[in-house]
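Colleague: I should like a close look at one part of this model, namely the surroundings of its aromatic side chains. Please begin with the terms, and then follow the account outwards as far as you find useful.

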Amino acid sequence: ACLLAGCAAPSFCRHTHDGGKLFGCLPDGTPVKIYSLRNKNGMEARVLTYGGIIQSLKVPDRNGRFADVVLGYDNLGGYVTNSPRFGAIIGRYANRIAKGRFNLDGTDYQLAINNPPNSIHGGVKGFNAVVWHAVALHSPLGPTLKLTYVSHDGEEGFPGQLAVTALYTLTDDNAIRLDYTAVCDKDTIINLTQHSYFNLAGHGDILGQIVYINANQFTPVDSTMIPTGELAPVADTPFDFRVPTAVGARINENNPQLKYAGGYDFNWIINKPANELGLCARVLEPISGRVMEVWSTEPGVQFYTANSLDGTITGKYGQKYPAHCALSLEPQHFPDSCNHPNFPSTELKPGQIYHSTIIYKFSVR
C-alpha cells in the first residue's frame, strides 16, 4: 500500500477546482484522490474520495489571515487506521441505535455493536470508510464536487439498496454546502450527516469559543447515550445556548447528562419548520473573529466537544489532539429515531427521494 503524504495545493484562479490528485492507496490498492475547491475570496476546501472527508478547510480571520479550521491527517493512513471519523460523510445512519436493533415492516434487524452496547454511525464500515465516485463540476453556486455511492442490500445489516449522492459546493459567500439525495429499492432507514471537527482558532482548546444553538429543547440520554424519548426544555440547564455562551462555561457542571458524555454530546431540537432550511447554530472564536453558522434542513443538531480525544492522536501540522480541542455540529435526525415513534421518522420507501442540506457558512466579526 502506498500512503502518500498528500499533495501541495496548486495555485488557483477564481472559481477553480482541480481534477483530483492521488492522496494515497488503501491496503487493498484502491486509490484515493483529493480534490481542491477554491472560491474568489481564497477560501479553500480539500475533499477526499475516501469517506467524502473534508481533509482541509482554510478560512480567513478578521485580518485576512487563513487557518485550517478542521482536524484531520496529512496522510491517508491516519484516516484508515486511527480516525474518529474526522471530516467524514456519515451513513447509512448517523449517531446511535440502541443495542444495534430496530424493527421495520415487522422484521427485526441487528446491526454491529461498534459502540457497546449500541451501534453508531453506520456500523463497522460506514459511509466514512468507503471510496466514493467523484466528479468535479461547476454549479451556479460555485465549484462543486459530486460524490456518489451505492450501498448494497444488507450492507452493515441495513435493508435495501441505497444510492446516495453528496454534492459539496464552495460558495462565494464563504460557505461549504453539502446537498444529499438518496433513493432506495425497498423500505429502509437513513440518517446522514457531516462529521467535521472544527476549531475556529486552528489550534488550542475550544472552551473559550462562543456557541449559540437555536433550540428550546434537547433529547436527554441514558447512561449508554441513548435518548430516553423525552423532549426536555433547555431552560435552566447547561444545555441552554439560546444566549451565546462559551463552550467551557458549564461543561464541568455536576450534571448527570454531562457526566455520561464527558462533556457535550447531545442532540438539540432546532426551532424551525420540518424540512425547511434554517439556522441551527453559530460559533464565534473571539480572538480571530471567525464566525461559523450552521444551517440545515434537518430537525436536530448533535453538538459534540471531542470528549473522547485524549492527546494520543497526532494530526495535521504535528498537532496533538486532546479532549475539547475541537467541536462538531452535526445536523441530523435524532439519535435512535428508528426506535422512537415520537421522533421525526427516518424511514425511506421506494419512490421517495431523501433530501438533506447542511451549510457551514464562515464570516468574521
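Modeller: A residue is called buried when its relative accessible area is under 20%, exposed when it is over 50%, and partly exposed in between, with a 1.4 Å probe and protein chains only. The model is a predicted one, in which local features need pLDDT of at least 70 and side-chain atom pairs count only at pLDDT 80 or more, whereas totals for chains, interfaces and linings use all residues. Residues are numbered from 1 along each chain as its sequence is written, and side-chain values use heavy atoms, with hydrogens and water left out.

As to confidence, pLDDT is the predictor's own score for each residue, from 0 to 100. Its average over the protein is 95, and 95% of the residues score at least 70. Helices (H or I, at least four residues) and strands (E, at least two) are DSSP runs numbered from the N terminus. Among the elements, strand E18 has the highest mean pLDDT, 99, and strand E1 (residues 16-17) the lowest, 47. Over residues 1-16, pLDDT stays under 50.

I turn to the rings. Those of Phe, Tyr and Trp (its six-membered ring) pair if their centres lie within 6.5 Å; planes under 30 degrees apart count as stacked, over 60 as edge-to-face, and the rest as tilted. The whole structure yields 26 such aromatic pairs. One of them joins Phe127 to Trp132 in an edge-to-face arrangement, with 5.8 Å between the centres and 90° between the planes. Phe127 is buried because its relative accessible area is 1%, and Trp132 counts as buried at 2%. Trp132 also pairs with Tyr149; here the centres are 5.7 Å apart and the planes stand at 45°, so the pair is tilted. This second pair links distant parts of the chain, 17 residues apart: Trp132 lies in the loop between strand E11 (119-120) and E12, and Tyr149 in strand E13 (residues 142-151). Tyr149, at 15% relative accessibility, is buried as well.

The sheet that holds E13 comes next. Two strands are taken to pair if DSSP finds at least two bridges between them. On that basis 9 strands form an open sheet with antiparallel pairing, in the order E12-E13-E14-E15-E28-E24-E23-E18-E21. Strand E12 (133-139) and E21 stand at its edges, each with a single partner strand, so one side of each lacks a neighbour in the sheet. Within the sheet, strand E14 (residues 162-170) and strand E15 (residues 175-184) are joined by 9 bridges, with Tyr168 partnered by Leu178 in E15. Towards E21, strand E18 (residues 210-213) pairs with strand E23 (residues 278-284) over 4 bridges, where Tyr212 stands opposite Arg282. E18 also meets strand E21 (residues 245-246) over 2 bridges, and Thr245 in E21 is the bridge partner of Val211.

Other rings form a cluster: ring pairs link Phe218, Phe239, Phe241, Tyr264, Phe266, Trp268 and Phe303. Contact means heavy atoms within 4.5 Å. Leaving aside residues up to four places away in sequence, Phe266 touches ten named here in part, including Phe218, Phe239, Val301 and Phe303. A nonpolar core is a set of buried Ala, Val, Leu, Ile, Met, Phe, Trp, Tyr and Cys residues joined through side-chain atoms within 4.5 Å. The largest has 65 residues, and Phe266, Trp268 and Phe303 are among those with the most contacts inside it. Apart from it lies another core of 24 residues, among them Phe86 and Ile313.

A further open sheet, of 5 strands, runs in the order E20-E19-E22-E25-E26 with antiparallel pairing. Its edges are strand E20 (232-233) and strand E26 (328-332); each has a single partner strand, so one side of each is without a neighbour in the sheet. E22 is joined to strand E25 (residues 300-304) by 5 bridges, and Asp265 has Tyr304 in E25 as its bridge partner.

Asp265 leads finally to the charged side chains. A salt bridge is a side-chain nitrogen of Lys or Arg within 4 Å of a carboxyl oxygen of Asp or Glu; the structure holds 9. In one of them Asp265 meets Arg96, with the closest N and O atoms 3.5 Å apart. The partners are 169 residues apart, Asp265 in strand E22 (residues 265-270) and Arg96 in strand E8 (residues 96-97). Asp265 and Arg96 are buried.
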